[in-house]
Amino acid sequence: MTATVSPYVAQLRSHAHPGGGWPYYPGRQARLEPTIWAMLALGAAGDPGDLRALDAARDFLWRAAGQDGLLRDSGIAEPNLAWNGLALLAGRLAMPDDTRLSRLAAAVAMARGERLDLLAGRGLRHDAIDDC
């Protein structure tokens, strides 16, 4: 991580919600979108420093997973598939060894109305996230 990025990483971490994740505004509840963007930024920065905010964000994401494996903001019935897809990318950068990513990938694929075995027949794999 470069010296020019370091202050921004510190500032980003300082705005993390105490219960995990990031809110749109300080003092508000954490939400999926800002949490995913923060995870992308921290993953891209490659900062091996204090991982508490990132670990708490990961826990926040998995607490937001429904029975179907898709992530939902608190109080929102329908999942936002765009944020679920972006969560896969963020997860690949920020938590590459988390085995729950494959469940999320399968849930996103199923939400599109396609079965994973059908995807495999067209040259796509359910684990294609590994190629990102």
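This is a short dialogue about a predicted model, centred on the packing of helices α4 and α5.

Trainee: What makes up the chain, in helices and strands?

Mentor: Six helices and zero strands. From the N terminus, the order reads α-α-α-α-α-α.

Trainee: How are two packed helices described?

Mentor: By the angle between their axes and the distance between those axes. For α4 (residues 81-94) and α5 (residues 100-111), the angle is about 150° and the axes lie 10 Å apart.

Trainee: Why are α4 and α5 called roughly antiparallel?

Mentor: Angles over 145 degrees count as roughly antiparallel. The angle here is about 150°. Therefore α4 and α5 are roughly antiparallel to each other.

Trainee: Which hand does the crossing of α4 and α5 have?

Mentor: The crossing is left-handed.

Trainee: Which residues make the contact?

Mentor: From α4, they are L81, N84, G85, A87, L88, G91 and R92. From α5, they are L101, L104, A105, V108 and A111.

Trainee: What makes three residues of this contact polar?

Mentor: Gly counts as polar here, and G85 and G91 are among the α4 residues in the contact. N84 is there too. The full division is eight nonpolar, three polar and one charged. Arg counts as charged, and R92 belongs to the contact.

Trainee: How much of the chain is buried?

Mentor: Buried means under 20% relative accessible area. Such residues make up 37% of the 132 in the chain.

Trainee: What is the accessible surface of the chain?

Mentor: About 7,800 Å², with 56% belonging to carbon and sulfur atoms.

Technical notes
Residues numbered from 1 in each chain as written. Predicted model: local features only at pLDDT ≥ 70, side-chain atom pairs only at ≥ 80, totals over all residues. Heavy atoms only, no water. Axes fitted to C-alpha atoms, helices over the stretch in contact; angles between N-to-C directions. Helix = DSSP H or I, 4+ residues; strand = E, 2+ residues; numbered from the N terminus. Parallel < 35°, antiparallel > 145°, perpendicular 65-115°, else oblique. Left-handed = near helix turned anticlockwise from the far one by under 90°. Contact = heavy atoms within 4.5 Å. Buried < 20%, exposed > 50% of the residue type's maximum accessible area, 1.4 Å probe, protein only. Areas by Shrake-Rupley, 256 points an atom, 1.4 Å probe, with all protein chains shown as cover.
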